[in-house]
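These are my notebook entries on the charged side chains of one protein and on the fold that carries them. I began with a charge that has no partner and worked outwards from there.

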Amino acid sequence: MSRARVKAREPEVTDDEVPAPEPLVPGVARALSPMVRRIVAPNPGLYTGPGTNTYLVGIDEIAVIDPAVDDPSHLDAIVGCGGDRIRWIAVTHTHVDHATGAAALAERTGAEVLGFGAKDGFKPDRRLRDGD
């Protein structure tokens with residue numbers, strides 16, 4: 001005796017039922033996963049959209065990726081989220097919207113600044129290379 005498989009039909013979802021994405025609000029930390037939080041910098045623009053994304057990765061020891069601009073409210077939000085657990089500040093590139101907050105954040109936290117080289121006024125404490 002053969003058993004026929006019955007495939008459950010997916011309920012149809014209309015555009016009215018799809019929840020709108022949460023707005024990206026500068027200075028507000030949002031959990032993207034248990035290990036990753038994002039804070040949007042207050043620098044909206046053509047290239048940054050609502051603002052540069054700063055990521056805090058880790059729990060007990062935290063790496064900040066792209067600290068963004070040297071803006072006191074943004075740096076306060078980063079330190080408020082990561083506090084004395086911030087160990088590293090990684091800058092993916094030296095554009096002003098990604099790197100100018102690195103030195104001020106390092107001064108506040110004592111974290112080591114990592115980058116792929118000195119350029120545009122940015123100087124890492126340690127230079128990263130492919131594979132690091």
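**Entry 1: the unpaired arginine**

I looked up Arg37 and found that this residue is buried yet forms no salt bridge, the nearest side chain of opposite charge being that of Asp60, 9.5 Å away. Since a salt bridge needs a nitrogen within 4 Å of a carboxyl oxygen, the 9.5 Å to Asp60 rules that pairing out. I note here that the model is a predicted one, and I read the distances with that in mind.

Where does Arg37 lie? I placed Arg37 in strand 2, which covers residues 36-40.

I then asked which backbone oxygen lies 3.3 Å from a polar atom of the Arg37 side chain. The oxygen belongs to Gly58, and Gly58 also appears among the residues in contact with Arg37 once neighbours within four places in sequence are left aside. The rest of that contact list consists of Arg30, Ala31, Leu32, Thr54, Tyr55, Leu56, Ile62 and Cys81. Arg30, Ala31 and Leu32 fall in the range of strand 1 (30-33), while Thr54, Tyr55 and Leu56 fall in that of strand 3 (53-57).

**Entry 2: the salt bridges**

How many salt bridges does a search of the whole structure find? The search returns four, and I wrote up three of them, keeping in mind that side chains of opposite charge can pair when their charged atoms come close.

The pair I took up at the start is Glu22 with Arg30, whose side chains meet at 2.7 Å, N to O. Glu22 counts as exposed at 57% relative accessibility, whereas Arg30 counts as partly exposed at 29%. Arg30 is also one of the residues in contact with the buried Arg37, although Arg37 itself has no salt bridge.

I next turned to Arg87 and Glu61, which form a salt bridge with their closest N and O atoms 3.5 Å apart. Arg87 sits in strand 5 (residues 86-90) and Glu61 in the loop between strand 3 (53-57) and strand 4 (62-65), so this pair ties together parts that are 26 residues apart in sequence. Both ends are partly exposed, with a relative accessible area of 33% for Arg87 and 44% for Glu61.

The last pair in this entry is Asp76 with Arg108, where the salt bridge has an N to O distance of 2.6 Å. Asp76 belongs to helix 1 (residues 72-82) and Arg108 to helix 3 (residues 102-109), and the pair therefore links parts of the chain 32 residues apart in sequence. Asp76 is partly exposed at 45% relative accessibility, and Arg108 is likewise partly exposed at 40%.

I stayed with Asp76 for one further check, on the backbone rather than the side chain. The C-alpha atoms of Asp76 and Gly27 are separated by 8.3 Å, although the two residues are 49 residues apart along the chain.

**Entry 3: the sheet**

In which order do the strands of the open sheet run? The sheet has seven strands in the order 1-2-3-4-5-6-7, with mixed pairing. Its edges are strand 1 (30-33) and strand 7, each of which pairs on one side only.

I followed the sheet from strand 5, the strand that holds Arg87, towards the strand 7 edge. Strands 5 and 6 (residues 112-115) run parallel and are joined by three bridges, with Ala90 standing opposite Leu114 of strand 6. Strands 6 and 7 (residues 126-127) also run parallel, here with two bridges. In this second pairing Leu114 faces Arg126, and Gly115 stands opposite Arg127.

**Entry 4: the whole protein**

I closed with the totals. The protein has three helices and seven strands, and along the sequence they follow the pattern β-β-β-β-α-β-α-α-β-β. Of the 132 residues, 35% are buried, and Arg37 is one of the buried residues. Among contacts with a separation of 6 or more, 43% are between residues 24 or more positions apart. The accessible surface comes to about 9,100 Å², and carbon and sulfur atoms account for 54% of that area.

How values were computed:
Residues are numbered from 1 along each chain as its sequence is written. This is a predicted model: local features need pLDDT of at least 70, side-chain atom pairs count only at pLDDT 80 or more; totals for chains, interfaces and linings use all residues. Side-chain values use heavy atoms; hydrogens and water are left out. Buried means under 20% relative accessible area, exposed over 50%, partly exposed in between (1.4 Å probe, protein chains only). Helices (H or I, at least four residues) and strands (E, at least two) are DSSP runs, numbered from the N terminus. Lys and Arg count as positive and Asp and Glu as negative; His and the chain ends are not counted. A polar contact is a pair of N or O atoms within 3.5 Å; within protein, one must be able to donate a hydrogen and the other to accept it, and residues adjacent in sequence count only if both atoms are side-chain atoms. Contact means heavy atoms within 4.5 Å. Two strands pair if DSSP finds at least two bridges between them. Accessible areas come from the Shrake-Rupley method with a 1.4 Å probe; for residues, only the protein chains shown count as cover.
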